[in-house]
Structure formats: C-alpha cells, structure tokens
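Subject: Structure handover and notes

Hello,

Here is the structure I said I would pass on. Please look it over, then read the notes below it.

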Amino acid sequence: MKKINTKPLLKAESIAKRYGATNALIDANLKVHPGRVHVLLGENGAGKSTLLKTLVAAVKQTSGRITFEGEAFQAKNVQEAMACGVVPVYQHLSLFPNLSVHENLSAFALAEREMQNVRRCLIEVEQAKASLLSVGLSVPLDTLVGSLSIGERQLVEIARAVGQNCKLLILDEPTSALTSTETDKLFSIVRDLCAQGTAVLFVSHKMDEVAEIADDVSVLCDGRTVVDCVQYSDTNESELLEAMLNAPVTSFKRQLPVHSNEIVLRAEGLKVSRNSNVSTLHAKKGEIVGLAGLVGSGALSIAEALAGARQISDGRITINDVLLMPGDRAEATKKGVGYVPGDRQTHGLFPILPALTNASASLTKQLDRFGFLKKNLEIETFEPWMEKLKLLPFDFELPATQFSGGNQQKIIVARNVALPHLSVLVLLEPTRGVDVRARQFIHDTIVEAAQSGATVIIASTDLDEVLSLSHRTYVIKDHCVCAQLTEGATRQCFIDALFSQSERAVA
Amino acid sequence: MTEHREIRRSKQGRLRLLPAGYVALVLLVVFSLWVPRFAAVGNLENIAKNASVLAIAACGQLLILVLGGLEFSIGASAALASVVIVLTVPELGVPAGFAVGALVVIGIAFINGVWVAYFNLTSLIATLGMMIFLTGLTSAIAGGLPMEAVPTKEFLWLARGEVLGLPAPVLLAILSLLLVHVLLKHSTFGRLMHLVGSNRTAAIAAGTPVRRVMLWGFTIAGGFTALAALILTSKVASGQPNLVPNLAYETIAACAIGGMQLNGGKGHACHVLFGVAIIAMINNAAVLLNLPSPVQQLMLGTIIIGSVLAQTKNSNLWGVGFFSTKKVSHAHQSSQ
C-alpha cells in the first residue's frame with residue numbers, strides 16, 4: 001500500500017456550518033495534497049457546496065479550522081482566498097459572455113487594480129496566450145466568450161485560474177454540461193496541471209468519473225465526512241457508493257395497498273434523448289412504480305416524458321391503449337395524467353396567485369359553466385384535500401409565494417390528485433426541499449391516490465422515498481432502465497442493480 | 001387543530017378600496033374645493049366624456065397586461081380604423097362602415113396574438129413592429145392629411161348621442177369596465193389569462209391551452225380597442241393618421257397609476273377606473289387653471305412615477321436600499 005508522502009496543502013478539520021436551524025455541515029474533514037487530484041463525492045444536499053464555500057471563504061464556518069500551506073487560512077473573502085492561490089471554478093460559469101476571451105482572462109487583474117483604466121487593465125497578450133496554451137485551447141484572443149462552446153468556456157475559466165498563480169484549483173461538478181470528448185480533454189488538462197504541482201479538488205457525484213481521474217477520494221454524507229482522503233486504488237466503486245448513500249434510514253415501512261393486474265401505462269422503445277438506450281416499462285392500475293437513479297441518471301426525464309411534459313426522440317407511450325402525444329400537457333391532462341414537476345418554482349407555482357387558484361389550475365374545464373367559473377365548486381373540491389394535506393396556514397386566498405416549500409408542494413399535489421378520472425399520477429422529486437411532516441402528508445396522499453385506482457409514478461433521487469413507497473422500482477442509469485426491483489428492496493439491492501448490466505429482478 | 005381548519009376568506013366578500021381609489025377621492029375633493037368650476041355638473045360630465053375613450057382602450061390594455069404582455073399598436077390601429085371608416089362610410093353607410101373599422105382593429109389584434117402565441121415573439125416587439133407598420137400604412141392610404149367625413153347625425157352619434165340621459169361614450173365605458181371585471185374575476189377564460197400571465201411554464205405543465213389563451217386574449221383586447229377607435233372617429237368626424245399617437249402609453253400609464261403591477265397575472269377593472277379618473281381630473285383641472293400643456297405633461301409624468309413608487313410595497317423612495325448588501329455580496333461571488 002502506497003502512502004501519500006507530502007504534507008497536505010489544504011487541511012480542513014471538523015468543519016461545521018449551521019444555517020438557522022439546519023445543519024449543512026456537521027463534521028467535515030478534507031485533506032488536499034499538492035500534485036494530486038482529490039475527488040469529493042456526495043449526493044445532492046450532502047454538503048459539498050457548503051464545504052467548498054468555506055474553503056474559498058465565501059461563507060464562514062460555524063466551527064472547525066482550515067489550514068493552508070501549514071498555516072491557519074485567514075482569507076476573509078473570495079478575493080483574498082484567490083490571492084492565496086485557492087481558485088474556484090463553479091458549476092455555473094462565471095464568465096462574461098459579451099466580452100472577449102482576452103477581456104475575460106483579464107477580469108481578475110482588473111478587479112485587483114480597482115478600475116483605473118480599462119485599457120491598461122488587459123493582461124499582456126503573451127501572458128494570455130500562455131495561459132490559454134496551458135489548457136490546450138487555441139482560439140483567437142478577441143473571440144467573444146459567448147460564441148464558444150460550454151466546454152471551451154470552462155477551459156477559459158480554468159485558464160483564468162491558472163493565470164492566477166493557482167495552487168489549489170477547485171472544480172465544482174465541471175463535467176455536468178460537457179460532452180464526453182470535452183470531458184476527456186478536461187481530464188487530460190487536469191492531469192497536466194497536477195503534474196506541474198497544482199492540487200485539484202474535484203467535486204462530483206458521478207462514479208465513472210472518479211475511476212478515471214481520482215488520486216484520492218473523500219465522501220460526504222449528510223454533512224459528515226464518511227470517507228476521509230483514501231487513495232482511490234485502495235477502495236472501489238461499490239464501497240464508495242455505499243458510503244455516499246449511507247443516510248440513516250428514517251422512513252418506516254408502510255403498508256402499500258393491493259393493486260390490480262390491469263396494465264394502464266405502457267412505454268415501448270422509449271428514448272428520452274438521442275443518445276440514450278431504449279427502455280420499456282409499464283405500470284398497472286393502482287400500482288406505485290418508482291423510477292430510481294442517481295442525480296443525472298435520467299429518471300426525471302423519463303418521468304417527464306411519461307407525463308407528456310417532454311418531447312421524446314423515439315418510442316410510444318400509451319395510457320389504457322390510447323397513444324399519448326409527447327410534449328402535450330393539455331392533451332395529457334384531458335386523459336387524466338397528473339404531473340407534479342420537479343422544479344416547483346418554475347414549473348409548478350403561479351407565485352402571485354392565491355393558493356386556491358394554484359390548486360385548481362388543472363381543473364378549469366371542470367369548473368366551467370357557460371364560460372363562468374363555479375367558485376363554490378372550486379372551494380368544495382379542494383377543501384377536503386387541503387384538510388387531508390394539512391395546509392398551513394389554512395388560507396385559500398393567500399398568494400402561493402407566502403407558503404413554505406412544503407405547503408407549496410401540498411398545493412401542487414392537491415392540484416393533481418383532484419383531477420377527475422385521474423388515471424396516471426407522475427411525481428418528480430415529490431418531497432424535495434420539504435419538511436418531514438409535510439413529507440408524511442404528501443406520501444399519505446400519494447398512497448391514497450393509488451388506493452383509489454390511479455397508477456402512480458414516482459421519480460426521485462431520494463432513494464428512501466422511492467424504495468419505501470413503490471410496489472416496484474425501475475433502476476435508471478444513463479437515461480434508460482437498467483434493472484427492476486420488487487417491493488421491499490433495500491439500498492443494497494439498488495447499488496447491486498446499478499452494477500449489474502443485464503436487466504434482472506432483485507428481490 | 002380545529003382553528004387551522006376554519007377557512008379564512010379574509011379578502012373575499014369584503015370591499016377594499018385600492019390605494020389609487022383614495023388618491024382619486026382626495027383629488028376629487030381637493031379640486032372641487034380649490035379649482036373654480038371643477039365641481040359643476042357640466043364639468044364633471046365633461047371629464048367623464050373625455051375620459052371614456054381612454055377608459056375603454058385601457059380595458060383592452062389591462063387584459064394584455066394580465067397576460068404578461070404589452071400592446072403598443074393600439075393608437076396606430078385606431079388611426080387606421082378612422083381612415084378606413086371615413087373611406088367606407090360613403091359607400092356602405094354608417095353602420096357597415098363602422099363595422100369594417102372595428103373588424104380591422106380586431107384583425108390587427110388577432111395578428112399580434114398570432115405572433116405572440118404561436119411564434120413566441122415578445123409582445124413588446126410584435127406590437128411595436130405592428131405600430132410602426134400601421135403608421136406607415138395609414139399615412140400611405142390617407143396621404144398624410146386628415147380626411148374629412150360628412151358629419152351626419154348618424155356618424156356623430158357614438159360620440160355625442162345620449163342614452164337614458166347618459167352620454168353614449170360614458171355608458172359604453174361603464175359597460176366596458178363591467179365586462180372586463182366579469183371577464184377577469186368570474187369567467188373561466190379570465191382565470192386562464194391569470195394563470196398564463198403569472199407563470200407561462202407552470203401553465204403549460206398544468207395543462208392549460210396557453211397558446212389559445214394568448215391568441216384570444218389579444219383578440220378580445222382588440223375588441224375594446226375597436227370600440228375606443230369608433231368613438232374617437234365619431235368624435236373627430238375625420239380619418240387622421242395622427243389620431244391618438246400616445247394611446248398605448250396613456251393606457252399603460254393609466255393602469256400603472258391605478259396601482260397595477262405590470263408583471264402579469266394580476267389586474268382589476270378598478271385599476272383602470274381609478275387610473276383613468278386620476279389622469280382625467282388632473283388634465284381637466286390644468287385646463288381650468290389655464291396651465292400650459294407642457295406643465296400638464298410635467299405633472300402627469302411626475303404623478304405616474306410618484307404613484308407607482310408610493311404603491312410599491314418594498315420600494316425605497318430615497319434609493320438608499322437599491323444596492324442592498326445582499327445584492328452586492330451576490331455580485332461579488334459571481335464575478336469571481
């Protein structure tokens with residue numbers, strides 16, 4: 001077993017960060033060594049971003065200490081952190097699309113010189129060319145950044161960091177928007193940088209990337225470091241996955257209602273994106289079917305397609321043997337397909353409209369009489385649902401923005417379960433950003449919808465949620481179904497299924 | 001637990017006057033006391049008559065604003081209608097000529113709706129382009145000069161006639177306001193307009209026929225513009241390329257002064273009522289006080305910004321909070 005000999009460049013010890021009542025980080029540790037690629041793994045919400053922010057001094061940790069080059073790290077803001085040589089490249093690129101590559105490369109220098117004369121604040125052409133060369137990018141300096149591809153932009157951003165005398169380069173999920181060739185190129189540049197002695201902290205949740213790039217690995221789970229700087233050669237994928245998903249099991253086993261054998265929803269030869277494989281799936285009347293996958297697996301895209309909220313590349317979806325027009329929500333709603341979108345704010349809510357209007361948004365046809373709204377029927381329809389879901393505050397006239405996330409989600413769930421002739425109910429991340437009590441009520445309502453004969457599809461990256469609620473779970477990987485789990489499957493079954501290539505049932 | 005379950009229908013069934021309503025009342029009282037001849041019955045009737053065209057056109061604008069759009073072409077569209085009416089009345093007679101004018105306006109609104117709903121143009125671009133196009137078209141037809149119509153009693157009736165002692169334009173304005181109120185607050189279509197205007201993406205996800213709502217919303221708004229155009233034509237008894245170049249701005253201003261937030265998804269007939277009333281009273285008082293027209297415009301401009309600032313809950317009148325620390329720190333991070 002080979003030991004890491006050098007002293008760590010950056011060391012974070014028992015970092016905790018509290019936002020109000022929530023603990024984003026509880027006990028996070030991190031050691032990054034010069035000349036090595038350190039991959040930080042963790043599911044969404046594990047605390048990766050918060051940890052990064054403390055490292056670049058964008059937020060101040062509640063407790064814990066960070067040492068950099070053997071001394072206490074004292075940067076007070078991001079600028080000072082960068083002056084020390086800690087340079088972040090964020091998921092959302094922070095370039096100026098309307099400025100040239102040269103101007104973008106000069107942005108840091110400009111910020112440091114405090115705006116004297118814009119002309120003089122461009123860095124030397126030679127220097128700019130050299131930093132572009134170091135990332136293997138050959139575009140003219142006067143190219144507009146907006147005209148570059150996402151991958152090229154990322155390289156410009158890394159070039160800018162390298163030009164900054166960067167000792168620790170932090171890449172926050174850099175490959176999420178890249179094609180595979182762009183990813184390969186990025187990886188080779190990362191390796192080059194390491195060979196020159198730069199330390200790289202690479203944040204990711206994609207296991208296959210880890211295998212390719214990692215020297216060392218740490219895993220965060222629920223705000224704690226569960227794997228602390230292990231050499232990648234000493235571990236393996238399934239060990240890391242287990243550590244990543246090893247959240248304490250909070251949900252109890254619930255009794256699922258019995259479902260019939262009549263198949264309602266069928267998807268044949270479904271391709272949600274051009275490059276994905278074909279998947280075939282079905283769901284029966286009264287059955288709750290889960291689509292489980294890691295972030296970026298495509299489980300949500302497949303669910304969107306099943307709800308008629310997304311164009312598909314190929315395949316056909318039928319409901320009770322009637323073809324569903326892809327990407328036509330109006331038609332799907334008429335057929336009784338409910339849809340709880342994954343992004344509540346942009347796809348779900350009508351922010352300034354009252355709760356009741358939000359709830360009845362899919363029901364305008366049923367509330368219509370000779371062009372007028374039957375407002376009494378509207379209240380009568382939703383009062384029982386809101387009571388069941390325990391909407392708080394129980395005020396139907398309050399604008400949707402004034403409810404908490406959990407209550408907003410209750411409103412959107414009510415909108416869909418109240419659909420007449422509800423045949424299929426598709427929910428994406430039904431309890432993301434929702435408190436525990438609201439989660440309970442929403443889960444109860446989902447089960448009740450199934451009990452009354454609706455076919456329910458739950459797509460979620462929250463494994464506990466999918467596994468505890470579903471009669472049957474499809475495991476989604478690379479935008480297609482790779483395995484099927486039956487009721488009562490555990491996290492271990494899911495992890496095993498992710499690694500088995502052929503479709504098989506795991507009990 | 002039971003306390004939570006009792007529905008609070010706080011805002012239902014209780015009449016709450018908009019802030020702009022108080023402003024209108026205060027202006028009414030102040031002008032009545034201080035401006036000579038303001039409170040005379042004849043003058044008040046005059047105000048109502050002058051305001052009615054703006055009120056009707058603003059009803060149309062209100063619908064577009066609820067949809068989250070803007071309509072700039074209504075002035076140009078009314079001008080074209082006046083020219084068309086003057087040209088067709090000698091051939092077809094007054095009713096048919098006016099009907100053709102109305103159809104022209106509604107047709108233009110329909111075309112705007114098609115651009116916005118089916119070609120995803122922003123309403124600003126679609127209607128701005130239409131405005132410039134129509135101005136050119138009208139000048140080409142009319143040759144740049146007003147075209148006089150034969151001022152028959154029939155032709156002038158819409159502007160000068162009376163029904164049950166009420167001037168026809170005032171009656172039509174009242175009917176328009178009522179119609180718009182019912183449409184927005186009690187009809188299914190009005191509900192759909194609110195949904196689309198509040199969040200188009202969410203409306204699509206909820207299964208709302210978004211494109212159809214946009215198209216017919218524009219067309220119905222065109223109906224109100226048409227009515228305003230007919231009354232105006234009857235009033236001036238001529239076809240004028242330069243009939244009401246500022247109608248679009250004035251209607252938007254009326255809604256804003258009336259307290260409407262122009263982000264879409266929200267709107268009430270009272271916004272139009274109070275906004276138009278405030279504008280009309282100020283204009284009238286300025287005339288009675290012999291203030292020159294530049295002064296009127298100065299006042300109106302000030303009032304638009306002032307009333308909107310005063311009615312925005314989170315606005316900071318003195319500008320100190322415009323760059324709150326939160327925003328600065330955010331900008332900081334993203335520039336790294």
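Please keep in mind that this is a predicted model. The notes go chain by chain, from overall figures to single residues.

Chain A, overall

The domain assignment splits chain A into domain 1, residues 90–164, and domain 2, residues 263–506. Between the C-alpha centres of domain 1 of chain A and domain 2 of chain A there are 43 Å. In secondary structure, chain A has 23 strands and 18 helices. Its radius of gyration is 25 Å, close to the 23 Å given by the globule rule for 507 residues, so chain A is as compact as a globular protein of that length. The C-alpha trace of chain A measures about 70 × 55 × 45 Å along its principal axes. Of the 507 residues in chain A, 55% are buried. Among contacts in chain A with a separation of 6 or more, 67% join residues 24 or more positions apart.

Chain A, local backbone points

Most peptide bonds are trans, and most residues other than glycine have a negative phi. Three places in chain A are worth opening in the viewer with that in mind.

- Pro393(A): the peptide bond leading from Leu392(A) to Pro393(A) is cis, with omega near -10°. Pro393(A) is in the loop between helix H14 (375–389) and helix H15 (405–417) of chain A.
- Glu429(A): phi is positive here, about 40°, although the residue is not a glycine. The loop that holds Glu429(A) runs between strand E19 (424–428) and helix H16 (436–451) of chain A. Is Glu429(A) buried or exposed? Its relative accessible area is 4%, so Glu429(A) is buried.
- His479(A): this is another non-glycine residue with a positive phi, about 65°. His479(A) belongs to the loop between strand E21 (472–477) and strand E22 (480–486) of chain A. Its relative accessibility is 23%, so His479(A) counts as partly exposed.

Rings

In chain A, the charged end of Lys388(A) sits over the ring of Trp385(A), at 4.5 Å from the ring centre. Over all chains, the count of aromatic pairs is 8.

Chain B, overall

Chain B has 15 helices and 4 strands. Buried residues are 48% of its 336 residues. For contacts in chain B with a separation of 6 or more, residues 24 or more positions apart account for 76%.

Helix H8 of chain B covers residues 168–186, which is 19 residues. From first C-alpha to last, H8(B) reaches 26 Å, close to the 27 Å expected at 1.5 Å a residue. The buried residues of H8(B) are Ala168(B), Pro169(B), Val170(B), Ala173(B), Ser176(B), Leu177(B), Val180(B), Leu183(B) and Leu184(B).

Chain B, three residues

Leu65(B) is part of helix H3 (residues 41–66) of chain B. Its relative accessibility is 0%, so Leu65(B) counts as buried. Leaving aside residues up to four places away in sequence, Leu65(B) touches Leu70(B), Cys255(B), Met260(B), Leu262(B), Gly264(B) and Gly265(B). Leu65(B) and Lys266(B) are 201 residues apart along the chain, and their C-alpha atoms are separated by 8.1 Å.

Gly217(B) is in helix H11 (residues 210–236) of chain B. At 0% relative accessibility, Gly217(B) is also counted as buried. Which residues does Gly217(B) touch, not counting residues up to four places away in sequence? They are Ile64(B), Leu67(B), Phe189(B) and Met193(B). The C-alpha atoms of Gly217(B) and Ile303(B), 86 residues apart along the chain, have 29 Å between them.

Leu18(B) is in the loop between helix H1 (2–5) and helix H2 (19–34) of chain B. With a relative accessible area of 24%, Leu18(B) is partly exposed. Beyond residues up to four places away in sequence, Leu18(B) touches Gly258(B), Cys270(B), His271(B) and Phe274(B). The C-alpha atoms of Leu18(B) and Leu80(B) are separated by 36 Å, with their positions 62 residues apart along the chain.

Regards

Notes
Residues numbered from 1 in each chain as written. Chains lettered and ligands numbered in written order. Predicted model: local features only at pLDDT ≥ 70, side-chain atom pairs only at ≥ 80, totals over all residues. Heavy atoms only, no water. Domains from an automatic or database assignment. Helix = DSSP H or I, 4+ residues; strand = E, 2+ residues; numbered from the N terminus. Expected span 1.5 Å × (residues − 1). Buried < 20%, exposed > 50% of the residue type's maximum accessible area, 1.4 Å probe, protein only. Phe/Tyr/Trp six-rings, centres within 6.5 Å; stacked < 30°, edge-to-face > 60°. Lys NZ or Arg CZ within 6 Å of the ring centre and 35° of its normal. Contact = heavy atoms within 4.5 Å. Rg over C-alpha atoms; globule rule 2.2 N^0.38 Å.
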